[in-house]
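The exercises below are meant to be worked through with the sequence and the model side by side. Try each task before reading its solution.

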Amino acid sequence: MFAHLYDGSTPAAVAIISISLVLLSGFLMTRLTKRLRLPNVTAYITAGILIGPFCLNLIPQSIIDGTSFLPDIALAFIAFSTGEFFRLDTLKKNGAKVLIIVVLEALLASVLVFIVTYFVLRLELAFSIVLAALASATAPASTMMTIRQTGAKGDFVETLLQVVALDDIVGLLAYSVAISVALHSYAGSAFSVSGIITPLLTNAGVLLLGGVFGILLMLLLRPKTRSTDNRLIIAVALLFAFCGVCTVFEVSPLLGCMSMGTVYINMTDNDKLFKQLGYFSPPILLLFFVRSGMSFDLRALVNPSGSIGTTPLLVIGILYFVVRIVGKYAGAFFGCLLAKKPKTTRNYLGLALIPQAGVAIGLAELGARTLQGEAGAALLTVILASSVLYELIGPGCAKLALYLSKSYSNKLEDLVTVPESTPDGKTKSQLELLIERIQKIQQELPAHTINEEEQAFNEAAEYHRAVLTGEANRGDLKKSGRR
């Protein structure tokens, strides 16, 4: 609609203006979703749909195609941050319980989707098994952003983060097996054990390489004199390098980056780097989610010619959307029941597992290139369409699950507890209770209310500014030992 606005502009100008529009549209949409009490991820996806080529067309297709690296970069930051929650002491305490939950909720969702697509809709085996494998994946990015936005804490949050992280590992392994079976199905060749073992060994190699990068990161950041800005530079450089290596061999960087973060946190027991990256990554995640929205072609979903055999894509998409939610919730419920998790975790964990975006979209793009033809295009269309819907309702459901599980609260009485009666047994009035709660909150507030992520980032920014402006001379630098 507005593509002519770029007529006569240089490629550099188009790229700069486009990035600015993406960032601003994502931010402006959060002003609306904030009033509706929806998470920011929902705003980013919606903004991408509106400014994309299938609506207002504010962003040229060349920019969307040219930023195809964004999913890998965003997944690297997401996966590395997720690795922080795989501390060995925590895994020893909850590892077996979490594994039970993950296996049930991931596999039940995949099994139900496969039954509906292959046995009920009678779709081809290759398409059905790959789509079923993708159903197991969730969206760690939207979940983590929702948790960060609400400030939720507690056992429910720890369980959720570990389930989401392990869930994507199961999803990647399931996809590796499924795509191998699909290719054998197309080739008409006999089932081969090596065709299953090879992708599993590949993922094991990625995990091992990620661990090596984690050790390298630890060694490079070991000097206590390393400045905070250089620590951030080294971490980002290694994450980009690992993504590049994975891209060369056409494998997902997700498992390796998780391994990288896990090795680093367990060898250093220092979470400051994760806080710095947590404050640095929001613009990257915004670009990633807005781009996902721009890639969604609604016309391909509702077009009468869009189908696999005699089954319209719209029917496949709706059934996939509903069946996956049922499988996730039921699997999480029974998994928590077997793991003897608290009632609040058992009843609401499934709600928080609805989001699906980055990992599923990345694997769907890879699957579309592998399957090719009608099945490949249909696979990508269904996953993109359902991911948009999942990201529109999923983060809201995740936020609701965090609230219902009492992982966070907006009520003053839930934030602090004070005696409701005086020492002599007289019941206090509501005004007295309100005053006491406010006073207690004031007493518990730290001297600086800035959050840890912002504080870690600001330390690096202040030091860097001092160097650039000359406020920190050579003597100061030598004295501080920073390098």
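**Exercise 1. Place Val103 and describe its surroundings.**

Val103 belongs to helix 5, which covers residues 88-120; helices (H or I, at least four residues) and strands (E, at least two) are DSSP runs, numbered from the N terminus. The model is a predicted one, in which local features need pLDDT of at least 70 and side-chain atom pairs count only at pLDDT 80 or more, while totals for chains, interfaces and linings use all residues. Residues are numbered from 1 along each chain as its sequence is written, and side-chain values use heavy atoms, with hydrogens and water left out.

The next step is accessibility: Val103 is partly exposed because its relative accessibility is 37%, where buried means under 20% relative accessible area, exposed over 50%, and partly exposed in between (1.4 Å probe, protein chains only). Finally, Val103 joins Leu99, Leu107, Val111, Ile115, Phe119 and Val120 in a nonpolar surface patch with about 600 Å² of accessible area together. Such patches take residues with over 30% relative accessible area and no salt bridge, joining like charges within 9 Å and nonpolar side chains (Val, Leu, Ile, Met, Phe, Trp, Tyr) within 5 Å; the areas come from the Shrake-Rupley method with a 1.4 Å probe, and for residues only the protein chains shown count as cover.

**Exercise 2. Examine Asp269, first its backbone and then its side chain.**

Most residues other than glycine have a negative phi, and most peptide bonds are trans. Asp269, although not a glycine, has a positive phi of about 55 degrees, and its place is the loop between helix 11 (254-268) and helix 12 (272-280). With a relative accessible area of 56%, Asp269 is exposed.

The side chain of Asp269 makes a salt bridge with Arg87, the closest N and O atoms being 2.6 Å apart; a salt bridge here is a side-chain nitrogen of Lys or Arg within 4 Å of a carboxyl oxygen of Asp or Glu. Because Arg87 lies in the loop between helix 4 (70-82) and helix 5, the pair ties together parts that are 182 residues apart in sequence.

**Exercise 3. Trace the salt bridge of Asp155, and state whether each partner is buried or partly exposed.**

Asp155 meets Lys341 in a salt bridge at 3.7 Å, N to O. Asp155 is in helix 8 (residues 155-187) and Lys341 in the loop between helix 15 (313-338) and helix 16 (343-348), so this pair links parts 186 residues apart in sequence. Asp155 is partly exposed at 34% relative accessibility, whereas Lys341, at 8%, counts as buried.

**Exercise 4. Compare the length of helix 18 with its expected span, then look for a bend.**

The expected span of a helix is 1.5 Å times one less than its number of residues. Helix 18 (residues 373-404) has 32 residues and should therefore span 46 Å, and its end C-alpha atoms, 45 Å apart, agree with this.

A bend of about 35 degrees occurs at Glu391, with Pro395 following within four residues; the bend at a residue is the angle between axes fitted to the seven residues ending there and the seven starting there. After helix 18 comes Lys406, whose phi is positive, near 65 degrees.

**Exercise 5. How many helices and strands does the chain have, and what share of its residues is buried?**

The secondary structure comprises 22 helices and 2 strands. Of the 483 residues, 48% count as buried.
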